Amino acid sequence: MIIKNQLKCTLLFVITTVGILGCNSTPAQSNDSALDIEEEYSDEKYSDKNANWLASSWGITQRVDGGYKLDQSVDAGSAHWVAGAEEIVKNLPSSGHVITSFTHPAHAFLFTLRDNDNVDVAAIHPDMVPRLENEQIIFDVINVYRKAGKKVILYLNAAGPSMITDSDPENEREIKAAWEKYYNTQWGGDEGAAWRYLVEGYAKRFDGLVDGYWLDNVRKLPGSLSDFVDTLRSVDPTLAVGINEKKAYFTDANDSSGYLYVDSDGLDDQDGTDYKIIKHVPTNKYEDFTAGHITPLGRGAPPNSWGYEEYTIPDMQESPWDSYNGNKKVLKHGWFPIRSTWSSSRSNLVFGIEQAYRFTRKITDAGAGLTWSTTQDKGYMSADEMDIMIEIENRMIQTPKANYETYQRPVGAYLLGETP
């Protein structure tokens with residue numbers, strides 16, 4: 001059972017006219033100005049290398065359900081996340097960090113905690129939060145990792161309830177309507193300020209228990225990114241933050257106006273879509289480590305693309321730290337799905353032991369960071385993935401470490417414009 005740290009009354013730094021929020025303050029109104037925020041933001045407020053601990057670390061992912069979906073998992077007897085975390089700690093002691101959940105995967109409106117220090121979220125809509133007894137699950141999961149000395153990063157979908165669409169289930173559409181009513185009546189229509197206040201209330205409860213945040217869906221964030229990051233760091237300025245806002249890709253050295261494209265992944269390539277090759281470099285001045293999102297899977301890129309072996313990883317090896325326009329240092333970090341999808345244990349396993357170990361060694365040996373997007377089966381890491389992770393573990397702890405197989409481009413793989 002986790003004993004919560006006494007919550008400190010902190011001042012929320014706000015560059016625009018939101019005002020100052022104390023622990024017992026009431027919602028204040030604002031009119032965000034992206035231009036003013038960009039001009040006034042200063043990196044000097046925070047440590048230059050909050051992500052130092054992530055350098056040379058390899059980690060895994062254990063997603064925990066949120067909101068009404070968490071209650072459903074518990075009722076179905078499939079909520080064994082604490083036992084799953086204990087199994088991970090037992091089997092993978094050399095992994096340095098884990099990504100787990102502030103919000104449900106891809107759902108910015110379902111939270112792993114019920115009680116919020118700022119807002120009665122259940123009063124907005126009860127499906128946004130689990131039953132009170134079930135919020136302890138995420139605390140217990142975090143505690144397992146912290147006792148084992150692992151760093152904890154929370155996945156937080158930053159888009160807010162407004163991401164819900166007409167094609168989503170009826171109860172989720174009701175959540176969106178309830179959220180709109182809440183911020184229109186309580187915040188004078190300032191959704192960004194309302195969303196930051198809600199997120200801050202949960203961040204306070206996680207204070208002292210987590211080491212960083214992975215912010216997803218930032219393009220749809222209500223309000224400004226600067227204010228949102230400031231909100232998290234007003235609770236803890238040492239947090240390491242990764243931001244999935246936009247992506248960088250390798251360009252063609254022979255054509256400065258164009259990108260490199262993979263034309264074929266090999267003789268057995270089942271998807272003829274040409275795709276760009278992701279480049280893990282800073283894309284904004286607020287992050288401490290790169291989100292590491294790969295080329296979107298829907299664009300025909302497999303998670304283990306040979307393009308990553310020839311371009312993405314060598315770039316991480318050459319310069320594990322980078323900066324955005326000369327601002328603070330940012331650690332290059334990659335988050336790789338081990339299956340054909342990000343979080344479904346029923347999709348095809350695409351990595352084998354040798355390639356997964358080679359990815360892990362090359363990235364961590366260079367001083368960059370890597371997280372495997374492992375999936376869960378009733379709260380446990382999927383068994384076939386655990387077999388791979390255990391073999392990585394066994395090789396990583398050897399002295400000297402076991403050699404990895406030399407990379408060779410798959411037969412029949414080539415870039416667009418290359419001669420097959």
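1. A quick word on pairing before you look at the strands: two strands pair if DSSP finds at least two bridges between them. Helices (H or I, at least four residues) and strands (E, at least two) are DSSP runs, numbered from the N terminus.

2. Keep in mind that this is a predicted model, in which local features need pLDDT of at least 70 and side-chain atom pairs count only at pLDDT 80 or more, while totals for chains, interfaces and linings use all residues. Residues are numbered from 1 along each chain as its sequence is written, and side-chain values use heavy atoms, with hydrogens and water left out.

3. Now the overall picture. The chain has 11 helices and 19 strands. Of its 420 residues, 57% count as buried, where buried means under 20% relative accessible area (1.4 Å probe, protein chains only). Take the contacts (heavy atoms within 4.5 Å) with a separation of 6 or more: 77% of them are between residues 24 or more positions apart. The accessible surface comes to about 17,100 Å², and 46% of that belongs to carbon and sulfur atoms; the areas come from the Shrake-Rupley method with a 1.4 Å probe.

4. Strand E16 (residues 369-373) is a good place to start. It is largely enclosed by the rest of the structure, because 5 of its 5 residues are buried. On one side sit Gly 369, Thr 371 and Ser 373, and on the other Leu 370 and Trp 372.

5. What runs beside E16? Strand E15 (residues 333-337) pairs with E16 in the parallel sense over 5 bridges, and Phe 336 stands opposite Trp 372. Strand E1 (residues 58-61) is also parallel to E16, with 2 bridges; here Trp 58 stands opposite Leu 370.

6. For antiparallel pairing, go to strand E9 (residues 261-265). E9 joins strand E10 (residues 275-276) through 2 bridges in the antiparallel sense, with Val 262 opposite Tyr 275. E9 also runs antiparallel to strand E19 (residues 413-415), this time with 3 bridges, and Ser 264 has Tyr 414 as its bridge partner there.

7. Helix H8 (residues 225-235) is worth a look too. All 11 of its 11 residues are buried, so the helix is largely enclosed by the rest of the structure. The buried set includes Asp 227, Asp 230 and Arg 233, as well as Leu 225 and Phe 228.

8. Next, the largest pocket (on a 1 Å grid over the protein atoms alone, an open set of points with protein on both sides within 12 Å along at least five of seven lines). It holds about 530 Å³ of space, a volume being the space filled by probe spheres set on the points, which are joined across faces, edges and corners. Its lining has 23 residues, and Tyr 155, Trp 214, Asp 216, Asn 244 and His 293 lie nearest the centre. Strands E3 (151-157) and E4 (212-216) each supply at least two residues of that lining. By class there are 10 nonpolar, 6 polar and 7 charged residues; Ala, Val, Leu, Ile, Met, Phe, Trp, Tyr, Cys and Pro count as nonpolar, Asp, Glu, Lys and Arg as charged, and the others, Gly among them, as polar.

9. Finally, the cavities, meaning sets of grid points where a 1.4 Å probe fits but cannot get out. There are 3 of 30 Å³ or more, and the largest has a volume of about 120 Å³. That cavity is lined by 16 residues (each with an atom within 4 Å of a point), with Lys 246, Val 281, Thr 283, Ala 291 and Gly 292 the closest to its centre. Its lining divides into 5 nonpolar, 6 polar and 5 charged residues.

Notes: Buried < 20%, exposed > 50% of the residue type's maximum accessible area, 1.4 Å probe, protein only.
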